[in-house]
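Student: I am new to this structure and would be grateful for a close look at a single part of it. Please choose one helix and describe it in a connected way.

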Amino acid sequence: MGNRFETQDKLIAATRQILISDGIEGCTLENICSRAGFTRGAFYSNFATKESLLGALAEDEYANLIDRLREQVQKWAANPHHVVESRVNAQGDADGANQHLVMEDLLFEALDAIGVDKELYVIHSELLTRSVRDADWGARLLDLNKEFIAELSNVLTVILQAVGRQPTQSIRALTHSVVGLVMRAAGIAAWRTAAYDHPREYRLPQSHFETVAVSEEKTSIADSPARDIVEMILILLYAASEPS
């Protein structure tokens, strides 16, 4: 049984790699089996169709996102002083400046937990595009996305509560808006990084690249070239909330 699960995991991992590098069109059965190092027989022993494999990949992606968000909320709950008290003034009142710092810190921690990068952008863009073209696939992805939106809504609620604010608009609608900004930030970060890696091809001035260069290692979104986009989320959170 353990070998079966290991084979499935390798097939899912291979599909994920191909999806990132070549898009959904590159996810042929031949490419997947070759990348994973298995035969077609091994594939069909674990998945009935390529669609079922892609479904398993989508479930894994959303489950991982949800788990990371829950873990972050648990960290905040386990250390509430780190969340609020250590980031506000001595009287315990979060004035305007301190409110902003608290919300900014918590937001960046949440987004770092998600992982706002090229992989996030490519995988979820590919899955979303497929869901629009295929009604059955779209229905399946919609159910997965609902759980993710619910978890991210909880994260945003915790962030607002940390500075004594409450939503004045639908938290679900607010969360969808935040997701849109996050995905744009992930796309911009990936695009600018790619442009930095190939300056001659993109013909952008060197001074531009000096402002967007990032390490190959994962860095905080706070240090990302897309930070300015992410900061728009703070404006959105303020606009859609009020003191509680």
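Tutor: Helices are DSSP runs of H or I with at least four residues, and they are numbered from the N terminus, as are strands (E, at least two). The model is predicted, so local features need pLDDT of at least 70 and side-chain atom pairs count only at pLDDT 80 or more, while totals for chains, interfaces and linings use all residues. Residues are numbered from 1 along each chain as its sequence is written, and side-chain values use heavy atoms, with hydrogens and water left out.

The part chosen is helix 8, residues 135-162. Its 28 residues reach 40 Å from the first C-alpha to the last, close to the 40 Å expected at 1.5 Å a residue (the expected span is 1.5 Å times one less than the number of residues). Just after helix 8, G164 takes a positive phi of about 70 degrees.

One partner of helix 8 is helix 4 (residues 50-78): their axes come within 10 Å and cross at roughly 10 degrees. Such axes are lines fitted to C-alpha atoms, for helices over the stretch in contact, with angles from 0 to 180 degrees between N-to-C directions. Helix 4 is therefore roughly parallel to helix 8, a term for angles under 35 degrees. Their contact holds 17 nonpolar, three polar and six charged residues; Ala, Val, Leu, Ile, Met, Phe, Trp, Tyr, Cys and Pro count as nonpolar, Asp, Glu, Lys and Arg as charged, and the others, Gly among them, as polar.

Helix 8 also borders empty space. On a 1 Å grid over the protein atoms alone, a pocket is an open set of points with protein on both sides within 12 Å along at least five of seven lines, a cavity is a set where a 1.4 Å probe fits but cannot get out, and lining residues have an atom within 4 Å of a point. The second largest pocket has 21 lining residues, with Y62, L128, N145, F148 and V179 nearest its centre. Helix 8 gives the largest share of this lining, eight residues, and helix 4, helix 7 (118-133) and helix 9 (171-197) also give two or more. By class, the lining has 13 nonpolar, six polar and two charged residues.

The largest cavity is lined by residues including L152, V155 and L156. Helix 8 and helix 9 each supply at least two lining residues, but the largest share, four, comes from helix 6. This lining has nine nonpolar, no polar and no charged residues.

Definitions and conventions
Parallel < 35°, antiparallel > 145°, perpendicular 65-115°, else oblique.
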